[in-house]
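Trainee: Can we go through this model together? I have a few short questions.

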Amino acid sequence: MEFYIALCAHFHQPHFQAEETLHAVFRNSYYPWLNFLDTIRRQDPGFTMNIHFSGPLLQYTLRNDPGYIAALKKHVETGAVRIVGGLGDESFTQLSSRPDDTYYQVSLYQDLARQAFGIEPKDWDAFHIPERECGENLIVQLTRALARFDAPPLFYLDVE
């Protein structure tokens with residue numbers, strides 16, 4: 001019998017995280033996860049999963065650890081890893097409810113995903129929204145913003 005398990009790894013770090021903490025997180029979590037992904041792909045070449053990187057963590061990683069991004073991008077290029085898009089700054093929705101700000105946040109994430117993985121919003125599997133920041137108004141604004149990028153309005157609500 002064949003079955004599927006939906007799996008979406010989340011990579012988040014808060015704004016202004018201490019450098020030593022970030023180094024420890026990469027050493028103790030993010031790099032071992034990459035090693036696991038390499039191993040599981042050797043054992044089962046058909047294994048696929050989704051990942052979501054927060055916008056601030058993508059910015060940090062592009063700037064400070066491009067080798068990590070390059071290693072992960074190889075898995076994106078083979079289809080082993082599918083990207084779940086997001087906001088450039090997830091906390092922005094607590095500060096603004098303006099449609100142009102929502103569009104800007106999607107645009108910012110688009111730029112980060114393009115730099116990191118060479119993909120466009122239409123290639124995202126879904127769009128991540130932290131549950132604490134979700135509301136009917138935000139869903140409407142994100143649906144409209146995603147339509148401007150030809151991205152499907154499929155939302156992944158992260159209940160914390």
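Mentor: We will take the core, then one helix residue, then a pocket.
The model is predicted, so to speak for its limits: local features need pLDDT of at least 70, side-chain atom pairs count only at pLDDT 80 or more, and totals for chains, interfaces and linings use all residues. Residues are numbered from 1 along each chain as its sequence is written, and side-chain values use heavy atoms, with hydrogens and water left out.

Trainee: How many residues are in the largest nonpolar core?

Mentor: The largest nonpolar core has 42 residues, and Trp33, Ile51 and Leu72 have the most contacts inside it. Such a core is a set of buried Ala, Val, Leu, Ile, Met, Phe, Trp, Tyr and Cys residues joined through side-chain atoms within 4.5 Å. Helix H1 (residues 19–43) gives the largest share of this core, 8 residues; helices here are DSSP runs of H or I, at least four residues, numbered from the N terminus.

Trainee: What is Leu72 in contact with?

Mentor: Beyond neighbours within four places in sequence, Leu72 is in contact with Trp33, Leu34, Leu37, Ile51, Phe53, Val81 and Phe117. Contact means heavy atoms within 4.5 Å.

Trainee: Switching to Val106: buried or exposed?

Mentor: Val106 counts as buried because its relative accessibility is 0%; buried means under 20% relative accessible area, exposed over 50%, partly exposed in between, with a 1.4 Å probe and protein chains only. Val106 lies in helix H4 (residues 99–117).

Trainee: And what does Val106 touch?

Mentor: Not counting residues up to four places away in sequence, Val106 touches residues including Trp124, Phe127 and Phe149.

Note on methods:
Helices (H or I, at least four residues) and strands (E, at least two) are DSSP runs, numbered from the N terminus.
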